[in-house]
Amino acid sequence: MHLVPLAAAPDSGEPTSGIAGWAARLVETAGGPGAGLAIALENLFPPLPSEIILPLTGFAAGRGAIGLASALFWTTLGSVVGAAALYGIGRAIGRDRMYALWARLPLVKVSDLEKTEAWFRRHGTKAVLFGRMVPVFRSLISVPAGVERMRLPVFLSLTAVGSLAWNTVLVLAGYWLGDRWELVERYVGVLSKVVLGAALVAVIAYVVVRVRGPRQKGRHRAGQGR
């Protein structure tokens with residue numbers, strides 16, 4: 001998800017402006033905890049791209065500004081903390097409030113929410129685990145986990161394992177690529193756009209079905225009345 005142009009220092013390859021510059025300064029100043037804070041904020045605010053922050057943290061580790069093990073530990077801890085905050089929001093909203101809010105929304109039915117709940121009960125553990133590796137979805141999945149009151153130790157364990165896998169891939173990529181770390185953002189950004197595009201198509205298709213369904217039923221009844 002390429003949100004801002006990356007400006008880098010010509011000699012070091014370290015960015016100096018935008019989100020990348022902010023993350024670089026945070027890691028340089030606060031080390032591992034700074035990287036963890038950046039990823040925690042990325043979980044809470046998905047527009048902050050982990051595909052920039054994580055490779056940049058790996059790049060910093062390659063330069064010796066932070067240890068590689070420390071980078072993986074703190075970024076994974078940041079992921080868990082951010083996810084736990086969203087889980088808490090979902091748990092605070094609760095099932096009853098969620099149903100009350102859902103009932104007021106246009107183009108949706110309570111039965112849709114019931115089906116979603118049933119799906120989450122069957123696949124919730126896999127969704128939380130593998131969802132940590134899907135852009136945007138890795139943040140959103142924490143809310144229904146809280147609404148459904150998934151056992152907190154299970155949620156935190158799955159989040160930690162999934163986050164560690166995702167973080168390791170991107171941090172190591174930045175570590176190995178060195179001053180070419182921004183290549184990771186370029187290719188993972190394509191994945192982000194594909195995922196978001198698929199989600200947008202699904203939402204549009206859902207709305208079209210919801211709008212056309214009642215109209216087709218009305219025409220069918222009108223045809224029968226003739």
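Helices here are DSSP runs of at least four residues, numbered from the N terminus. With that in hand, Val 161 can be placed in helix α7, in what is a predicted model.

The overall architecture makes a convenient starting point. The protein chain contains 8 helices and 0 strands, and its elements, read from the N terminus on, follow the order α-α-α-α-α-α-α-α. Of its 226 residues, 39% count as buried. The accessible surface of the chain amounts to about 12,200 Å², and carbon and sulfur atoms account for 67% of that area. Among contacts with a separation of 6 or more, 71% are made by residues 24 or more positions apart.

Attention turns next to the interior. The largest nonpolar core comprises 19 residues, and those with the most contacts inside it are Val 27, Ile 53, Leu 54, Leu 56, Ile 66 and Val 171. Two or more residues of this core come from each of α1 (18-44), α2 (50-62), α3 and α7 (152-177). Helix α1 gives the most, with 7 residues. For Val 171, the contacts beyond its neighbours within four places in sequence are with Leu 54, Gly 58, Leu 68, Ala 71, Leu 72 and Thr 75. A second core, separate from this one, has 11 residues, including Phe 120, Leu 129, Ala 145 and Phe 155.

Helix α7 also carries a polar residue worth a visit, Asn 167. Its relative accessibility is 2%, so Asn 167 counts as buried, the cut-off being under 20%. What does the side chain of Asn 167 meet there? One of its polar atoms lies 3.3 Å from the backbone oxygen of Thr 75. In addition, the side chains of Asn 167 and Thr 76 are joined by a polar contact of 3.5 Å. When residues up to four places away in sequence are set aside, Asn 167 touches Leu 54, Leu 72, Thr 75, Thr 76 and Ser 79. Leu 54, Leu 72 and Thr 75 thus appear among the contacts of Asn 167 and also among those of Val 171.

Val 161 lies in helix α7 as well, but its setting contrasts with that of Asn 167. Val 161 has a relative accessible area of 52% and is therefore exposed, as the cut-off for that class is over 50%. Between the C-alpha atoms of Val 161 and Val 128 the separation is 9.9 Å, with the two residues 33 residues apart along the chain.

The surface shows a further nonpolar feature. Phe 73, Leu 77 and Val 81 form a nonpolar patch there, with about 270 Å² of accessible area together. Phe 73 belongs to helix α3, which spans residues 68-104; α3 is also one of the elements that give two or more residues to the largest nonpolar core.

Charged pairs complete the picture. How many salt bridges does the structure hold? There is 1 salt bridge, and it is formed by Arg 63 and Glu 28, whose closest N and O atoms are 3.3 Å apart. Arg 63 sits in the loop between α2 and α3, whereas Glu 28 is in helix α1, so the pair ties together parts that are 35 residues apart in sequence. Both partners count as partly exposed: Arg 63 at 43% relative accessibility and Glu 28 at 37%.

Definitions and conventions. Residues are numbered from 1 along each chain as its sequence is written. This is a predicted model: local features need pLDDT of at least 70, side-chain atom pairs count only at pLDDT 80 or more; totals for chains, interfaces and linings use all residues. Side-chain values use heavy atoms; hydrogens and water are left out. Patches are made of residues with over 30% relative accessible area and no salt bridge: like charges are joined within 9 Å, nonpolar side chains (Val, Leu, Ile, Met, Phe, Trp, Tyr) within 5 Å. Accessible areas come from the Shrake-Rupley method with a 1.4 Å probe; for residues, only the protein chains shown count as cover. A salt bridge is a side-chain nitrogen of Lys or Arg within 4 Å of a carboxyl oxygen of Asp or Glu. Buried means under 20% relative accessible area, exposed over 50%, partly exposed in between (1.4 Å probe, protein chains only). Contact means heavy atoms within 4.5 Å. A nonpolar core is a set of buried Ala, Val, Leu, Ile, Met, Phe, Trp, Tyr and Cys residues joined through side-chain atoms within 4.5 Å. A polar contact is a pair of N or O atoms within 3.5 Å; within protein, one must be able to donate a hydrogen and the other to accept it, and residues adjacent in sequence count only if both atoms are side-chain atoms.
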